Structure formats: structure tokens, C-alpha cells
Amino acid sequence: PHRHPLLPGPNINIGEIHGGEAGSTVAPWCDFKLCLHYLPGLNAGKKTEEDVLRTINDCCQGDPWLRENPPEVIKYQEGTPFEISPEEPLVQAGLAAVQAEKGVATLAGMPAGCDARYFTNLARIPCIIVGPGESGQAHSIGESILIADYLQFIRVMARFIMAWCGYE
């Protein structure tokens, strides 16, 4: 399987499930929406999507009704991943700003979606993702941040902007 040193592997999250007519009967229908996460790389999204569709089709072959009535799959959204080299000046400036303020800076991948992918993939504007709090809480029910972390992040950004613009 395809691996990345800074990101978790490809995964699927089933975020919505709807089906059936009543809790006391076998559901005659089911709709679900899933989010398929894949890694950056040439054709990685296409390959991962093909793997999922093949797996769904293979599962349907084991059931006579599903074999004759395969599910309809509709792609309604795509959030392509991106990556930027750790040696890029933008990355190094971000790490330096975090290091100067917090005493330690860790380079990691962002395990959640954000708009940086649009700037990098569509507009070809290099982006880094830097923010306060724990990235594992991003887009979660318990998403929160301490005010002290928020204020520290403002100082990190001030350091970054000053350095990036050539001010001491």
C-alpha cells in the first residue's frame, strides 16, 4: 500500500446513513455518503477511487439481488490532497516562527481538509498550514482551543509575517 511519511494512509469515513421505512422491518433501501481520503501523488485519487468502486462491485457479486441491481455511486465532491517540500523557504519560515515562539516546531501532515488545497492545487500558490491547538481535534465534535494557544498563535504569525517580509 501507498504510504506517506507525514500523513495517515487512505481511509473512508461513512458520515451519513439513511434508509428503511421502520425500525421493525428490513430496510428495502439505503443511501449513504462517505468521505474518501487519499494521499498526494500522481493518479493517487483515481487509483484509490477505482479500488473502492472495485471493492463495492466485488461485494455485490456475492449477493444475487445486488448482482442484478448494483448500487448507484455518485461523486458529489472532491478535496484533493497536496504537499509541499519541507525544504521550501515558506515551510522553513513557518517552522522558524513556531520554533522562536514555542521553543519547538514539528513538521507534520494535516489529517483534515482545509482550503489550502485549492490555493496549492488550482492556483499553484504554495501553502503551509499553521494553526493553534491540536490538529487531531480539527473538524471534530470536540473542536476547541485554549485562549492562551490562540494568543500564542497570533505571536507566531506576527513573527512569520515579519520574517517573510524581510523585517527584523
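Just after helix α3, G103 takes a positive phi of about 90°. The structure is a predicted model, in which local features need pLDDT of at least 70 and side-chain atom pairs count only at pLDDT 80 or more, while totals for chains, interfaces and linings use all residues. Residues are numbered from 1 along each chain as its sequence is written, and side-chain values use heavy atoms, with hydrogens and water left out.

**Helix α3**
- Helix α3 covers residues 89-102; helices here are DSSP runs (H or I, at least four residues), numbered from the N terminus.
- Its 14 residues should span 20 Å at 1.5 Å a residue (1.5 Å times one less than the number of residues), and the end C-alpha atoms of α3 are 20 Å apart, which agrees.
- The buried residues of α3 (under 20% relative accessible area, 1.4 Å probe, protein chains only) are L90, V91, A93, G94, A97, V98 and E101.
- These residues cover an arc of only 165° around the axis, so they lie on the same side of α3; the arc is that of the directions from the helix axis to the C-beta atoms.
- Helix α5 is included in what covers the buried residues of α3, where contact means heavy atoms within 4.5 Å.

**The loop before α5**
- R124 lies in the loop between α4 (116-121) and α5.
- R124 is not a glycine, yet has a positive phi of about 60°.
- Most residues other than glycine have a negative phi.
- R124 counts as exposed (over 50%) because its relative accessibility is 64%.

**Residue L151**
- L151 is found in helix α5, residues 147-164.
- With a relative accessible area of 43%, L151 is partly exposed (between 20% and 50%).

Conventions
Helix = DSSP H or I, 4+ residues; strand = E, 2+ residues; numbered from the N terminus.
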